[in-house]
Amino acid sequence: MNRFARAKSAINNPHVRYNIGTYKERSQHRLLKHYYEPDIEFHEVPYDGFIADILNNAGITEIQTAGFRSLNEKLAVFLSENNVRIVYPTALKKRVCWIDPESGESAFGRYTTYNKSHFHLLSELLSIVDYFGVPQLCVDVVYMSVSDCRLLNGYGKDRKKKATKIDTVPEELTDIVTLHNSADIRKLIGLEEGREMTREELSKYFGLSRISLWRAIKFLLITEILTISGKKGNTIIYKVTSEKDYL
């Protein structure tokens, strides 16, 4: 049994896996805690006024799907004496598991692929930009296939409109990419140096819009991966910088 399978086994009872009562706990968060640290004695450990998801000999691990802003106060304390790993799970493939609230029976849809889901991390990283690049900090992007579990309690004949989402269940771990600094971000986004793009083109490339896009661009400007190279009319032109310029 591999590491991911052991983590799934630790949090799941196969006989009640999709029973409604099990979804008061967040499966994705629990599974990743077991994946990174199988011994629960190292889970949810008090540390200097905060609770670390994992605290062991390797340092502190925080699992964060969104809301990186909440990490700022923690990082100020955690990084003073520890290595810190932020784990960011992202769904490369996703399917819906529909659960009948009366019978408990479940039915799965087909997987849909989301090749740009990891780019949402750029928006989140703006919240901790003051810490990103510090040698003691790294971010793991964990690519997974997941099932979004929803109750058949919505509107319409199929009861799916505005149905209640009750959990996200990891099914398979595809890859983990570790980010330490802006050089790793460059590899993650895959844009060649010197390329010029408008905001609209960046939106299409990253699959982001509005506030998320603004935050992603701001992060890339602060980390000097992008620079403003000029304008065409009222349209700002962004240019991908050369890493050599900042060595």
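This report describes the overall build of a predicted protein model, one of its sheets and two of its buried residues.

## Basis of the model

The structure is a predicted model, in which local features need pLDDT of at least 70 and side-chain atom pairs count only at pLDDT 80 or more, while totals for chains, interfaces and linings use all residues. Residues are numbered from 1 along each chain as its sequence is written, and side-chain values use heavy atoms, with hydrogens and water left out.

## The chain as a whole

The protein chain has seven helices and 11 strands; these are DSSP runs (helices H or I of at least four residues, strands E of at least two), numbered from the N terminus. The C-alpha trace spans about 60 × 50 × 35 Å along its principal axes. Of the 247 residues, 47% are buried, a term that means under 20% relative accessible area, with exposed meaning over 50% and partly exposed in between (1.4 Å probe, protein chains only).

A contact means heavy atoms within 4.5 Å. Among contacts with a separation of 6 or more, 63% join residues 24 or more positions apart.

## A sheet of three strands

Strands of a sheet pair through backbone hydrogen bonds, either parallel or antiparallel. In this model, three strands form an open, antiparallel sheet in the order E9-E11-E10. Its edge strands are E9 (196-198) and E10 (226-232), each of which pairs on one side only; two strands count as paired if DSSP finds at least two bridges between them. On average, neighbouring strands of this sheet are turned by 35 degrees against each other, direction ignored.

E9 and strand E11 (residues 235-240) are joined by three bridges in the antiparallel sense, and Thr198 stands opposite Ile237 in E11. Helix H6 (residues 199-206) packs on the sheet and touches E9, E10 and E11, its direction making about 95 degrees with that of E9. For such angles, axes are lines fitted to C-alpha atoms (for helices, over the stretch in contact), and the values run from 0 to 180 degrees between N-to-C directions.

## Two buried residues

Ser145 is placed in strand E7 (residues 137-151). Ser145 counts as buried because its relative accessible area is 1%. Beyond its neighbours within four places in sequence, Ser145 is in contact with several residues, including Lys93, Tyr111, Val169 and Thr174.

Ala183 belongs to helix H5 (residues 182-189). With a relative accessible area of 18%, Ala183 is likewise buried. Ala183 and Glu243 are 60 residues apart in sequence, and their C-alpha atoms are 7.2 Å apart in space.
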